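Colleague: Could you walk me through reading the holes and hollows in a model like this? I'd like the general idea each time, then the case in front of us.

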Amino acid sequence: MRKPLIAGNWKMYQTTPDAVALVKGLKGLLGQREGVEVVVCPPFTALPVVAEALKDSWIGLGAQNMHWEKEGAYTGEVSPVMLADCGCRYVILGHSERRQYFGETDMNVNRKLRAALEHKLIPILCIGETLAEREGGRTIQVVDGQLQGGLSGIPAGAGAGIAVAYEPIWAIGTGRTATPEQAAEVHTFIRKRLAELWGEAMATAVRIVYGGSVKPDNIDALMAEPEIDGALVGGASLKADAFARIVQFEKV
Ligand code: PEP
């Protein structure tokens, strides 16, 4: 059975005092919950203080991006070694905002994904279509291209250490969520493609999470879909009570 994964992407929000307050609030609200993996992904500047606040906690720490080299003359970049040094176990890669605003390509996402695995970080590979692509009937084609591009050359044995986040761009930060059926349709396709790439057994082990305006009032319906293995949460992860309710989803 796949363990559900709920990850919070804090984006470019939270100074260090705010980040510590948020994570302390979350710890207080969450207590202990078996059977779900929870991760927070603060901005780089807050990683050390959040790591400290999460000491002895079951909540994991992740970053929102990284470079593929372990060190070098790459001004402004942060390496996988540095993330591990800060206590990260996870890293979001290929988020649509990185693709849209920073020119991230499938090739670079693939380099980053390989580097993450090499440094024992769990990559959360983000893929998803724009509204125009969906309306043009190209959702599967776009998702497939990003999936195969991001995973190019990754051996089947690495599959279980990777999570895929299906994030339709038209649903990110818009308040417009994909219906559980729309998400499940794409998740089913992704798993089918993973089975072709890596075999049925490995494909069954990969977590495929949904992202795009996930909120306390829609998480239960999304998690009712057997193909939805969790959520990547943006806006709602910045409020401890909303994120805690999302983590405490109920299978309806
Ligand atoms: C995201 O940033 O990955 C995201 C899904 O954002 P939101 O939940 O705000 O739509």
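**Cavity, pockets and two residues**

Modeller: Let's start with the enclosed space. Sorted by class, the residues lining the largest cavity are 3 nonpolar, 4 polar and 2 charged. Bear in mind that this is a predicted model.

Colleague: How many cavities of 30 Å³ or more does the structure hold, and what is the volume of the largest?

Modeller: A cavity is a space where the probe fits but cannot get out. Here there is 1 cavity of 30 Å³ or more, and the largest has a volume of about 40 Å³.

Colleague: Which residues line the largest cavity?

Modeller: Gly94, Ser96, Arg99, Cys126, Ile127, Gly128, Gln146, Glu167 and Ile169. H4 and strand E5 (122-127) are the elements that give two or more residues to that lining.

Colleague: Glu167 is on that list. Where does Glu167 sit, and is Glu167 buried or exposed?

Modeller: Glu167 is in the loop between strand E6 (163-166) and helix H8 (180-198). For a buried acid, look for a partner: a salt bridge needs a Lys or Arg side-chain nitrogen within 4 Å of a carboxyl oxygen. Glu167 is buried but has no salt bridge, and the nearest side chain of opposite charge, Lys11, is 6.9 Å away. Setting aside neighbours within four places in sequence, the contacts of Glu167 include His95, Cys126, Ile127, Gly128 and Leu232.

Colleague: Now the open spaces. What is the volume of the largest pocket, and which residues are closest to its centre?

Modeller: A pocket, unlike a cavity, is an open set of points. The largest pocket has a volume of about 550 Å³. Of its 19 lining residues, Lys11, Met12, Gln64, Glu97 and Arg98 are the closest to the centre. Helix H4 (residues 96-102) provides the largest share of the lining, 6 residues. By class, that lining has 9 nonpolar, 7 polar and 3 charged residues.

Colleague: And what about the second largest pocket?

Modeller: That pocket has a volume of about 200 Å³. It is lined by 19 residues, and Lys11, Gly173, Ser213, Gly234 and Gly235 are the closest to its centre. Its lining has 8 nonpolar, 8 polar and 3 charged residues.

Colleague: One last residue: why does Gln248 count as partly exposed?

Modeller: Partly exposed covers the range between under 20% and over 50% relative accessible area. Gln248 is placed there because its relative accessible area is 30%. Gln248 lies in the segment after helix H11 (240-247). Leaving out neighbours within four places in sequence, Gln248 is in contact with Leu29, Leu30 and Arg33.

Definitions and conventions: Residues are numbered from 1 along each chain as its sequence is written. This is a predicted model: local features need pLDDT of at least 70, side-chain atom pairs count only at pLDDT 80 or more; totals for chains, interfaces and linings use all residues. Side-chain values use heavy atoms; hydrogens and water are left out. On a 1 Å grid over the protein atoms alone, a cavity is a set of points where a 1.4 Å probe fits but cannot get out, and a pocket is an open set with protein on both sides within 12 Å along at least five of seven lines; lining residues have an atom within 4 Å of a point. Grid points are joined across faces, edges and corners, and a volume is the space filled by probe spheres set on the points. Helices (H or I, at least four residues) and strands (E, at least two) are DSSP runs, numbered from the N terminus. Ala, Val, Leu, Ile, Met, Phe, Trp, Tyr, Cys and Pro count as nonpolar, Asp, Glu, Lys and Arg as charged, and the others, Gly among them, as polar. Buried means under 20% relative accessible area, exposed over 50%, partly exposed in between (1.4 Å probe, protein chains only). Lys and Arg count as positive and Asp and Glu as negative; His and the chain ends are not counted. Contact means heavy atoms within 4.5 Å.
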